[in-house]
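Here is a quick briefing to read alongside the model. Keep the viewer open as you go.

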Number of protein chains: 2
Amino acid sequence: MVKATIDDVAALAGVSMKTVSRVVNKEPNVRASTRDKVQAAIDELAYRPSQSARSLAANRSYVLGLLYDNPSASYVIDVQDGALASCRRAGYDLLIHPCKRDTVELLTEVLALVRQGRVDGLILTPPLSDMTELVQTLVSAGIPFVRLSPTEYKDACPYVQTNDQEAAYDMTCRLIELGHRRIGFIVGHPDHRAVTQRYTGYVAALKENDLVLDKSLVVQGYNSFDSGRECARELLSSATPPSAIFASNDDMAAGVIIEAHHRSITMPAELSVAGFDDTPVAHQIYPSLTTVRQPIAEMAAKAVDLLLKQLKGKSVQIPAAIMSCRILERESTGEAGR
Amino acid sequence: MVKATIDDVAALAGVSMKTVSRVVNKEPNVRASTRDKVQAAIDELAYRPSQSARSLAANRSYVLGLLYDNPSASYVIDVQDGALASCRRAGYDLLIHPCKRDTVELLTEVLALVRQGRVDGLILTPPLSDMTELVQTLVSAGIPFVRLSPTEYKDACPYVQTNDQEAAYDMTCRLIELGHRRIGFIVGHPDHRAVTQRYTGYVAALKENDLVLDKSLVVQGYNSFDSGRECARELLSSATPPSAIFASNDDMAAGVIIEAHHRSITMPAELSVAGFDDTPVAHQIYPSLTTVRQPIAEMAAKAVDLLLKQLKGKSVQIPAAIMSCRILERESTGEAGR
DNA sequence: CTGAAAGCGCTAACAA
DNA sequence: TTGTTAGCGCTTTCAG
């Protein structure tokens, strides 16, 4: 059986091509009986509209692009899952485009992707969400896009955000509530500003609780497991080490835990450790890690929804969505001084 | 500046449309001087061929589909990276299509993807590589595809495989060499036959070393961290527990390590633990996990190469590629009885 | 509510 | 080595 075209369906149903098109695209203004007749013909011929013909005629690809640069595997997968859920609902597909920021090709590559009509719009994940050069290029090229978790959003571009800072604040307060007074903090990679901002929540919580911010307890990490371990080494070598360490992400927190094991420090009795992100390692490590879970898939789904709305020409009224994190208390935190 | 078409380029270069097409597609039989002239025009106009027009005319999408069902995040990401590397080299894009096996829609969905001309061919990852129903459907629909790590390949369909069984054999031999005589084994999920086969390597190694296969040391896991922990509970509760446990994947091995911690068993002094896959958790856990690394990205890249070769009509001569694993010895294994 | 005609921008076959 | 002529299968005007 050779592939049926829209003409075959039209002939079989005894209507015009255009009417079939209307039915396929669920456009209004088709009499119910006509619609049924056409649908029957479609089913009989197992007709599937040709994607490329539609794209050429309608001048859009029905494909969205997902741009990312190396956050963790589980993050990317969650984003993909969420984005795909929304895409499918709308008959869109998702093209993945990992890329290296700081490369010259990045911008040309991305522009080509859109100019060739391979994708209709883009989803950006951190740290790309904060690449101003990229964002500006997209804006001035008139390319629709939505950013996930950007830190700067003074521009009126749509984005989806979490209350990260608030969550970091809450986590710090929780540690204080557990009796901790010297709480170490491992700052995230300076280029990942979303992660960096968690520091702000930490600072706010200290202030709120009348604790002084001891700079010797704040160390700079780079988001990796190894950098977390390095930071822990620094914090734990001190004559007056902290009784708790809050790392800006789980990978670094895992590094802290390993370093503590190597120093025979018992957790949480002698040291409480908290992370951020709830990556798989968080509950595969010993002791299991107290952390913060972001609704990543939901954020991505929301981002796609916003993007699709843009593509329909409806200028997004509220071009942003804020979603909530949740603190997950596991075995790595406990009361201070026990 | 409105988007330039092939006609604009042809006019500017003073040649025919077809010549431009030849240059763009790097076809032979174009005089160098002509080629240069055309290229100059392309550059001047910043011409980018329309993907949909090419697809419609050439009757292919220049997109490959990646089908997967829930292996670990890091596995999928590695596959994506490898597949994309090859795709880009060939001017192809990659569409991701996670799906649930055992659902009725799976087959129709996948068929629709191809029938609509969204993708030209498919890459299947385990456990989908072993879904005979899917494979047969693709074959009889004449859809080009390549499988990653299938366990059954009597059919002549192209695939990419690793020497898993050999690696499991080697790992077991290594444990024996370290003095272990009672080596527990955690079998993988029965539906993931690739993982299941690792058991064969274990059995072969015991035999080779004149050790009896003690069935009480072999327990059935389900690939998850939790199931690994459950299995460890069973193995370690025995009156004569094993001195080493070899799990069919890292997640389960991580479960073993956590369970051992909870029982205050020192590793590797009292218990050696080995995994398979080298997932991120393998070196984020304490003690870091001895495991086997598969060249996943390379396999995926190879699979794409085989697929593209098929698409070019060249029937793949040797429709298969075998790639090698590597054992990574870390802290979780050591000499027996110390 | 339905239809007719006109492309969308390219590639493929065939000429020259 | 290059050009000409037809479409590919849809959506989009614009008319009825």
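The notes below go topic by topic.

This is a predicted model, in which local features need pLDDT of at least 70, side-chain atom pairs count only at pLDDT 80 or more, and totals for chains, interfaces and linings use all residues. Residues are numbered from 1 along each chain as its sequence is written, while chains are lettered from A and ligands numbered from 1 in the order in which they are written.

**DNA strand D**

- A set of 25 residues surrounds DNA strand D, and the closest are I6(A), S21(A), A57(A), N29(B) and T34(B). A residue is near a strand if its C-beta atom, placed from the backbone, lies within 6 Å of it.
- Two or more residues apiece come from α2 (17-24) and α4 (51-58) of chain A, plus α2 (17-24) and α4 (51-58) of chain B. Helices (H or I, at least four residues) and strands (E, at least two) are DSSP runs, numbered from the N terminus.
- Helix α4(A) gives the largest share of this surface, with five residues.
- By type, the surface near DNA strand D has 13 nonpolar, eight polar and four charged residues. Here Ala, Val, Leu, Ile, Met, Phe, Trp, Tyr, Cys and Pro count as nonpolar, Asp, Glu, Lys and Arg as charged, and the others, Gly among them, as polar.

**DNA strand C**

- DNA strand C is surrounded by 25 residues, the closest being S16(A), I6(B), S21(B), A53(B) and A57(B).
- At least two residues each are supplied by α2 and α4 of chain A and by α2 and α4 of chain B.
- For this strand, the largest share is the five residues from α4(B).
- The surface near DNA strand C splits into 13 nonpolar, eight polar and four charged residues.

**Chain A against chain B**

- Each partner brings 35 residues to the contact: 35 from chain A and 35 from chain B. Two residues are in contact if their C-beta atoms, placed from the backbone, lie within 7 Å.
- On the chain A side, α4, α5 (73-89), β2 (93-98), α6 (105-115) and α12 (250-262) give two or more residues.
- Helix α5(A) has the largest share of that side, seven residues.
- The chain A side breaks down into 19 nonpolar, 11 polar and five charged residues.

**Helix packing in chain B**

- The axes of α5 (residues 73-89) and α14 (residues 296-311) of chain B come within 7 Å and cross at roughly 45 degrees. That crossing makes α5(B) oblique to α14(B).
- Angles under 35 degrees count as roughly parallel, over 145 as roughly antiparallel, 65 to 115 as roughly perpendicular and the rest as oblique. Axes are lines fitted to C-alpha atoms, for helices over the stretch in contact, and angles run from 0 to 180 degrees between N-to-C directions.
- Residues of α5(B), including Y75(B), V79(B) and A83(B), meet residues of α14(B), among them I296(B), M299(B) and V304(B). The contact comprises 12 nonpolar, two polar and four charged residues.

**Backbone oddities**

- Y286(A) and P287(A) are joined by a cis peptide bond, with omega about -5 degrees. P287(A) sits in the loop between β9 (272-274) and β10 (291-293) of chain A.
- Another cis peptide bond links M267(B) to P268(B), with omega about 0 degrees. You'll find P268(B) in the loop between α12 (250-262) and β9 (272-274) of chain B.
- Y62(B) isn't a glycine, yet has a positive phi near 60 degrees. Its place is in the loop between α4 and β1 (63-68) of chain B.
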